[in-house]
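Biologist: I've got a model open and I'd like to learn how to read it. Could you walk me through it, one feature at a time?

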Amino acid sequence: MLEEFLPFLGLIIFGNIENLILSSQGVVAGVNPRILALLSIICVIIWLIVGTIFTKLLLNYAIWIDFIGGLAIFILGLQSMVSAVKGD
């Protein structure tokens, strides 16, 4: 079963790191931590369902999905670092 997810291992690891970064930005921005936690859990459940359903269907496109997902994670990380340096 886990063999199905191996092509997406990088996205799983770095996506979770990015989720932690975005959550910490929300806390620093003054968002209610309970609301932030609830929204994070909802998003994780949605991605779990989407990932479980579409992994088998889209396995042939794993390279492109990894590239686009990795690029999105990189851009979001860069955006969070720039805003942290600026003090926004």
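Modeller: Sure. Read from one end of the sequence to the other, the protein chain goes α-α-α. Keep in mind that this is a predicted model.

Biologist: How many helices and strands does the protein chain have? And what box do its C-alpha atoms fill?

Modeller: There are three helices and zero strands. Along the principal axes, the C-alpha atoms take up a box of roughly 40 × 25 × 15 Å.

Biologist: Okay, helix packing next. What do I look at when two helices are packed together?

Modeller: Two things: the angle between the axes, and how far apart those axes are. Take α1, residues 9–28, and α3, residues 62–86: their axes sit 10 Å apart at an angle of about 25 degrees.

Biologist: Are α1 and α3 roughly parallel or antiparallel, then?

Modeller: Angles under 35 degrees count as roughly parallel, so α1 and α3 are roughly parallel to each other. The crossing of α1 past α3 is left-handed.

Biologist: Which residues of α1 and α3 meet?

Modeller: On the α1 side you have L11, F14, G15, E18, I21, L22 and Q25. Facing them from α3 are I65, D66, G69, G70, I73, L76, G77, S80 and S83. Sorted by character, the residues of this α1–α3 contact come out as seven nonpolar, seven polar and two charged.

Biologist: Let me try the other pair. At what angle do the axes of α1 and α2 cross?

Modeller: Roughly 160 degrees, and the axes come within 11 Å. The cut-off here is over 145 degrees, which means α1 is roughly antiparallel to α2. The crossing of α1 past α2 is right-handed. N19, S23, G26 and V27 of α1 make the contact with L36, S40 and V44 of α2. That contact has three nonpolar residues, four polar and no charged.

Biologist: Now for the gaps. How do you find where empty space is left?

Modeller: You roll a probe the size of a water molecule over the atoms. In this model, the largest pocket has a volume of about 1,000 Å³.

Biologist: Which residues lie nearest the centre of the largest pocket?

Modeller: L11, I12, G15, W47 and L48, out of 25 lining residues. Note that L11 and G15 also belong to the contact of α1 with α3.

Biologist: Which helix supplies the largest share of the lining?

Modeller: That's α2, with ten residues. Still, α1, α2 (33–57) and α3 each supply at least two. By character, the lining splits into 16 nonpolar residues, eight polar and one charged.

Key. Residues are numbered from 1 along each chain as its sequence is written. This is a predicted model: local features need pLDDT of at least 70, side-chain atom pairs count only at pLDDT 80 or more; totals for chains, interfaces and linings use all residues. Side-chain values use heavy atoms; hydrogens and water are left out. Axes are lines fitted to C-alpha atoms, for helices over the stretch in contact, and angles run from 0 to 180 degrees between N-to-C directions. Helices (H or I, at least four residues) and strands (E, at least two) are DSSP runs, numbered from the N terminus. Angles under 35 degrees count as roughly parallel, over 145 as roughly antiparallel, 65 to 115 as roughly perpendicular and the rest as oblique. A crossing is left-handed if the near helix is turned anticlockwise from the far one by less than a right angle, and right-handed if clockwise. Contact means heavy atoms within 4.5 Å. Ala, Val, Leu, Ile, Met, Phe, Trp, Tyr, Cys and Pro count as nonpolar, Asp, Glu, Lys and Arg as charged, and the others, Gly among them, as polar. On a 1 Å grid over the protein atoms alone, a cavity is a set of points where a 1.4 Å probe fits but cannot get out, and a pocket is an open set with protein on both sides within 12 Å along at least five of seven lines; lining residues have an atom within 4 Å of a point. Grid points are joined across faces, edges and corners, and a volume is the space filled by probe spheres set on the points.
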